[in-house]
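Please open the structure in your viewer and keep the sequence panel beside it, so that each selection can be followed in both. The stops below are meant to be taken in order.

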Amino acid sequence: PGTAFTRSIGDAMAEELGVFAEPEMLSRELKPNDKILVCASDGVFEFLTNQSVIDICAKFNDPLEACRAVVAEAYELWLQYELRTDDITIIVIFIDEIRNDPASRRPSGSGSYASSKRMNFGLDAKGMQKELEAELEDDDEEDEESDEEFEEQTIHTSGVKPVRKNVSKEKSKEIAKLKAQGAKAAAQDTEPFDIKKLATPKTDAEKESIEEAIKASVMFRNVTHQQREMIYQCMESVKVKEGEWVIKQGSVGDKYYIIDEGQFEVRILPDGVKDETGEGGNIIHLYEGSRKLHIHPSFGELALMYSAPRSASIIAKSDGHLWALHRSAFRQVLTESKDDRKDLKKVLEKIPYFQYCDSDAINKIATMMDEVSFGRGENIAEQGFPGKTMYVMKNGSCYSMEMSASGTKRGTLKAKSFFGDEIFSNSDGLYGKTVVSLQTTTCWALDRATAEKTMKPIIDLSESSDKKSESSSGKHKKSSKKSSH
């Protein structure tokens, strides 16, 4: 953090450029469908997107537990990609009911408000409405009449700052560099792994402790009940003594750890600094697990996805107990259990954005996708509007419309159809077509943040291989020219 006088100097210089200290006040009316209110410092959103924070909070019934989960996740990401952390503070409010009481509203004229405008993308909304209504009338044999109306989406464009969806370019380079260092080790991670030898039965209390730790993790978000039971069995019991090193900074990790009981120091050595004292560097955090308090923090989650050097050392401050899950065991759990996403994987292989993915990567992506349902007449995607999610249809049917200068394309989407993948490759992230459900429809959904986080190391590795191939091909052509002379 900076000091008072340096910030004062910065403020003085910025003032000349038009930056002023008056806070910007924005107002948004709460609606009945607003369920979670989050107020957090920028340290929370450094590596987590808005949607990621909401996804974590939505898994809890207690807002305090939601706060703890978000803080733990944000802190873990800071330790993976930085040698420090920013302020990580969060307030979570679960909204049970919104009462439409005019007396409780703030009178107009007090404070500053951001206005909202309807964005116009050249779409004939009324014409589209009529066509959709006609489609719905034709489909009445399959579904009962519904009184649902098409809700117009409103996007705030005036006075609202754009939401930052990615980390800075500098951090992206550092993250890519960190992941690339473990690419060679990942290639060696192909040996068969016998999870039956590792599996051990767990008591209900032990399962409860493990469940408390993994329920907020994206990696375990979509596991089935059968997979979850296998994960419980594959968790290794690790007893540690005071002063014992669990992981060492710079070593390639292959295990994810849950603290069942005990205190563990997080130590970091700055880049280029040798560990002369053998203590592992400065203490930047203290993890504490407790069965009595039902607190079970975890670390090393990224090791379940790919090999990468550990960004910090973890040393036991007291005697304790850990649960450890090996990456190979985790992968086999996902593949050996009953595969109810077989068709989904086949569809993913056809989507251009996932062209660099091998079968293992496709399995990971399929595992991370959520199952969501839409009622008859729901607007799933709207052409020209920002999109956050790609969909693969599991069952049901949808009406699609794509308008362009050359005309309008209309069609019906069925099971195994996909749409919304263009938001991954387009810089503006806008949907290319409008899709509305004609009947109750279930889809597999993949949000943009999860896709980018999963695909970035794969794309980087593939591009690196392509460059090497091009370089090798160029050298071969030069040598051929020399031999011809």
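What follows is a tour of a predicted model, going from the whole chain to single helices, residues and sheets.

**The whole protein**

Begin with everything shown as a cartoon, where 14 helices and 17 strands can be picked out. The protein has 485 residues, and buried residues make up 39% of them. If you consider the contacts with a separation of 6 or more, 78% of these come from residues 24 or more positions apart, and several of the stops below give examples of residues that are distant in sequence and in contact in space.

**Helices α8 and α9**

Select residues 204-214, which are helix α8, together with residues 225-234, which are helix α9. How are these two helices arranged, and at what angle do they pack? Their axes lie 11 Å apart and the angle is about 110°; an angle from 65 to 115 degrees counts as roughly perpendicular, and α8 and α9 are therefore roughly perpendicular to each other. The crossing of α8 and α9 is right-handed.

Now show side chains where the two helices meet: α8 contributes K207, I210, E211 and I214, while α9 contributes R228, E229 and Y232. Sorted by class, this contact of α8 with α9 holds three nonpolar and four charged residues, and no polar ones.

**T200, in the loop before α8**

Stepping back along the chain, select T200, which is found in the loop between α7 (195-198) and α8. Is T200 buried or exposed? The answer lies in between, because its relative accessible area is 36%, which makes T200 partly exposed. Beyond its neighbours within four places in sequence, T200 is in contact with Y232, Q233 and M235; of these, Y232 was already met in the contact between α8 and α9. A distance drawn between the C-alpha atoms of T200 and M235 should read 7.8 Å, although the two residues are 35 apart in sequence.

**V333, in helix α10**

Next, select residues 327-336, which form helix α10, and highlight V333 within them. V333 has a relative accessible area of 0% and is buried. Which residues does V333 touch, once its neighbours within four places in sequence are left aside? They are Q227, M230, I231 and C234, and these positions fall within the range 225-234 of helix α9. For a distance to draw here, take V333 and E229, whose C-alpha atoms are separated by 9.6 Å while the residues are 104 apart along the chain.

**Strand β5 and its partners**

Move on to residues 255-268, strand β5, which is mostly covered, with 11 of its 14 residues buried. It helps to recall that strands of a sheet pair through backbone hydrogen bonds, either parallel or antiparallel.

Add the partners of β5 to the selection one after another:

- Strand β9 (residues 320-326) pairs with β5 in the antiparallel sense over six bridges, and A324 in β9 is the bridge partner of Y257.
- Strand β7 (residues 298-299) pairs with β5 over two bridges, again antiparallel, with S298 in β7 as the bridge partner of I258.
- Strand β6 (residues 282-289) is joined to β5 by seven bridges in the antiparallel sense, and here R267 has I283 as its bridge partner.
- Strand β8 (residues 313-316) runs antiparallel to β5 and is joined to it by four bridges, with R267 standing opposite S313.

R267 is therefore worth centring in the view, as a residue with a bridge partner in β6 and another residue opposite it in β8.

**Two open sheets of four strands**

For the next stop, select the open sheet whose four strands follow the order β10-β17-β12-β15, with antiparallel pairing. Its edge strands, β10 (370-374) and β15 (418-419), each pair on one side only. Strand β10 meets strand β17 (residues 441-447) over five antiparallel bridges, and there D370 has A445 as its bridge partner.

Finally, select the open sheet of four strands in the order β11-β16-β13-β14, where the pairing is antiparallel. The edges are β11 (379-381) and β14 (407-413), each of which pairs on one side only, and neighbouring strands in this sheet are turned by 25° against each other on average, direction ignored. To close, zoom in on strand β13 (residues 398-404), which pairs with β14 in the antiparallel sense over seven bridges, and find C398 opposite L413 in β14.

Technical notes. Residues numbered from 1 in each chain as written. Predicted model: local features only at pLDDT ≥ 70, side-chain atom pairs only at ≥ 80, totals over all residues. Heavy atoms only, no water. Buried < 20%, exposed > 50% of the residue type's maximum accessible area, 1.4 Å probe, protein only. Contact = heavy atoms within 4.5 Å. Axes fitted to C-alpha atoms, helices over the stretch in contact; angles between N-to-C directions. Parallel < 35°, antiparallel > 145°, perpendicular 65-115°, else oblique. Left-handed = near helix turned anticlockwise from the far one by under 90°. Nonpolar A, V, L, I, M, F, W, Y, C, P; charged D, E, K, R; others polar. Pairing = 2+ DSSP bridges.
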